[in-house]
Protein chains: 2
Amino acid sequence: MPAHSTDSRRFAAIPQKQIRNREKNLHRIVAAAEVVFAENGFAGATYAKIAQQAEIPKSNVLYYFPKKEVLYRTVVEDIYNVWRYAADSIKRENSPEEALGDYIDTKLELSRTRPYGSRVWANEIIQGAPIVQDYLERDLKDWTNKRIAVIEVWIAEGRINPVDPRALLYLIWSVTQHYADFGHQIKTLNGGQAFSDAQWQETKRAVKAIILQGVVLPTQ
Amino acid sequence: MPAHSTDSRRFAAIPQKQIRNREKNLHRIVAAAEVVFAENGFAGATYAKIAQQAEIPKSNVLYYFPKKEVLYRTVVEDIYNVWRYAADSIKRENSPEEALGDYIDTKLELSRTRPYGSRVWANEIIQGAPIVQDYLERDLKDWTNKRIAVIEVWIAEGRINPVDPRALLYLIWSVTQHYADFGHQIKTLNGGQAFSDAQWQETKRAVKAIILQGVVLPTQ
DNA sequence: ATGTTTTTTGACCATGTGATCAGATAAGTT
DNA sequence: AACTTATCTGATCACATGGTCAAAAAACAT
């Protein structure tokens with residue numbers, strides 16, 4: 001009967017305890033795993049450590065993720081998607097200064113807010129991308145080629161210097177991720193203190209200043 | 001008797017089988033360990049894998065390095081020292097263009113010749129420098145402060161733009177090491193082909209072009 | 001209330017691995 | 001040749017860890 005099914009849908013629409021709990025637990029586990037994988041690498045990360053970080057019993061982690069590799073893949077895909085969708089400013093209709101500046105800002109901000117994810121990604125690539133090789137070959141290659149095309153247009157239109165677009169992209173990737181991946185080294189060289197808000201601001205400014213001056217033609 | 005002791009010294013001067021063999025084995029093991037630690041991280045690297053890579057029995061590796069941590073430390077210290085002594089061009093008496101250009105060249109060349117070492121170092125820092133924390137706090141801090149002082153002199157003398165010296169150093173570190181640490185990603189984006197000689201040349205040129213133009217005042 | 005499904009959890013197991021050990025072999029010494 | 005020392009190696013051990021299992025507890029459905 002319509003009446004009945006409507007009623008049951010009405011109830012189902014209200015967030016249910018089990019579903020809410022499941023999602024809460026999944027999120028807790030993935031977040032904990034991101035930290036543990038970042039700090040220990042894939043092999044060094046154990047269910048025991050992840051469970052401790054998530055503050056739930058080890059068996060419960062295993063209930064949601066019976067295979068360590070699946071949990072790892074979840075973490076890696078998560079950070080990959082964050083990066084992927086957060087940086088679409090490089091379009092030919094934007095001005096090179098703004099586009100590149102925004103991209104640097106965004107990536108540095110992600111290094112600040114998601115350092116563990118960045119480190120997991122770095123680990124994955126260092127070890128030869130055993131899990132995400134297909135992402136590199138499809139998505140990333142495609143994404144990269146499109147941005148290179150935009151940069152080449154900018155060059156052709158005389159809006160920036162004739163730089164090697166690939167080298168420019170790698171330069172931006174490396175420096176922005178460096179502040180996450182080598183954050184411990186930077187912190188040590190900063191007297192053991194994590195970067196303050198002001199230091200992050202100054203970093204963004206300084207990185208943009210060097211790269212943009214290195215790339216963008218002086219405004220006549 | 002002098003004669004006797006002289007004789008024995010004369011023999012000792014000739015490289016002896018045991019000593020030669022010992023050094024050869026030590027070198028084989030450390031070189032193999034560098035690869036295995038780079039590809040698997042500390043926890044993922046096993047005596048079995050290292051032995052296989054070195055093509056000697058596992059027990060023999062254990063004979064030379066009874067503690068995995070000591071072998072790891074040896075590998076990390078090795079690459080650290082290579083980096084440390086290979087880049088002393090940043091001196092105030094040198095011209096900024098040449099000094100920074102040489103530094104970038106040297107570090108890129110090391111990324112090319114010692115990519116595994118670079119990856120081991122990256123792993124170590126990502127995991128919070130559990131082994132080399134003291135190196136960072138003493139040596140590296142000191143080294144860095146001296147280079148920053150040089151850059152500040154250059155700025156004061158009006159030879160380069162007033163950039164943030166720390167940001168400049170981190171930029172150079174990150175981009176040069178990126179070509180080793182993320183070499184797999186770069187290779188994939190390069191159609192699965194490792195960089196050719198010409199591509200390395202072009203990379204050096206392009207990186208220097210962007211950074212130097214970003215930093216060094218145009219020659220009047 | 002009763003039955004069913006999902007979730008939670010401790011006990012347990014099989015496997016891989018860092019490390020030990022003792023015996024064999026080779027090198028060096030007298 | 002006889003002896004000492006360094007090197008080499010397979011067998012073995014203790015232990016951590018990824019994963020299984022069964023039973024309890026909670027949530028849900030009727």
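The following dialogue reads the DNA contacts, the chain interface, the domains and the salt bridges of a predicted model.

Me: Which conventions apply to the numbering and to the values of this model?

Reply: Residues are numbered from 1 along each chain as its sequence is written, while chains are lettered from A and ligands numbered from 1 in the order in which they are written. Because the model is predicted, local features need pLDDT of at least 70 and side-chain atom pairs count only at pLDDT 80 or more, whereas totals for chains, interfaces and linings use all residues; side-chain values use heavy atoms, with hydrogens and water left out.

Me: Which residues come nearest to DNA strand C?

Reply: A residue is near a strand if one of its heavy atoms lies within 4 Å of it. Around DNA strand C there are 20 residues, of which Arg22(A), Ser59(A), Tyr63(A), Tyr64(A) and Lys68(B) come nearest. On the DNA side, 70% of the strand C atoms within 4 Å of the protein belong to sugar or phosphate, and the rest belong to bases.

Me: What are the distances from DNA strand C to the side chains of Ser59(A), Tyr63(A) and Tyr64(A)?

Reply: A polar contact is a pair of N or O atoms within 3.5 Å; within protein, one must be able to donate a hydrogen and the other to accept it, and residues adjacent in sequence count only if both atoms are side-chain atoms. An N or O atom in the side chain of Ser59(A) lies 2.6 Å from a base nitrogen of DNA strand C. For Tyr63(A), a side-chain N or O atom is 2.7 Å from a phosphate oxygen of this strand, and for Tyr64(A) the distance to a phosphate oxygen is 2.6 Å. The elements that give two or more residues to this surface are helix 2 (17-44) and helix 4 (58-64) of chain A, together with helix 2 (17-44) and helix 4 (58-64) of chain B. Helices here are DSSP runs (H or I, at least four residues), numbered from the N terminus.

Me: How is the surface near DNA strand D made up by class?

Reply: In this classification, Ala, Val, Leu, Ile, Met, Phe, Trp, Tyr, Cys and Pro count as nonpolar, Asp, Glu, Lys and Arg as charged, and the others, Gly among them, as polar. The surface near DNA strand D has seven nonpolar, eight polar and five charged residues. Of the 20 residues around this strand, Gln18(A), Arg22(B), Ser59(B), Tyr63(B) and Tyr64(B) come nearest. Sugar and phosphate account for 72% of the strand D atoms within 4 Å of the protein. Phosphate oxygens of DNA strand D lie 3.2 Å from a polar backbone atom of Ala45(A) and 3.0 Å from a polar backbone atom of Lys68(A). A side-chain N or O atom of Tyr64(B) is 2.5 Å from a phosphate oxygen of DNA strand D.

Me: How much area do chain B and chain A bury between them?

Reply: The size of an interface is often given as the accessible area lost when the parts come together. Buried area is the accessible area (1.4 Å probe) that two parts lose on being put together, summed over both. Chain B and chain A bury about 4,500 Å² between them, 65% of it on carbon and sulfur atoms. Ile126(B), Leu189(B) and Ile210(B) supply 17% of the area that chain B buries against chain A, more than any other three residues. Between the two chains there are eleven residue pairs in polar contact (both at pLDDT 80 or more). Helix 9 (165-181) is one of the elements of chain B on this side, and helix 9 of chain B gives the most, with twelve residues. The residues of that side divide into 24 nonpolar, 18 polar and eight charged.

Me: Where does a salt bridge connect domain 1 and domain 2 of chain A?

Reply: Side chains of opposite charge can pair when their charged atoms come close. A salt bridge is a side-chain nitrogen of Lys or Arg within 4 Å of a carboxyl oxygen of Asp or Glu. Chain A is divided into domain 1 (2-66) and domain 2 (77-215), with bounds from an automatic or database domain assignment. One salt bridge is counted between these domains. Glu34(A) forms a salt bridge with Arg114(A), with the closest N and O atoms 2.8 Å apart. The area buried between the two domains is about 560 Å². Glu34(A), Val35(A) and Ala38(A) lose the most area in domain 1, together 68% of what that side buries.
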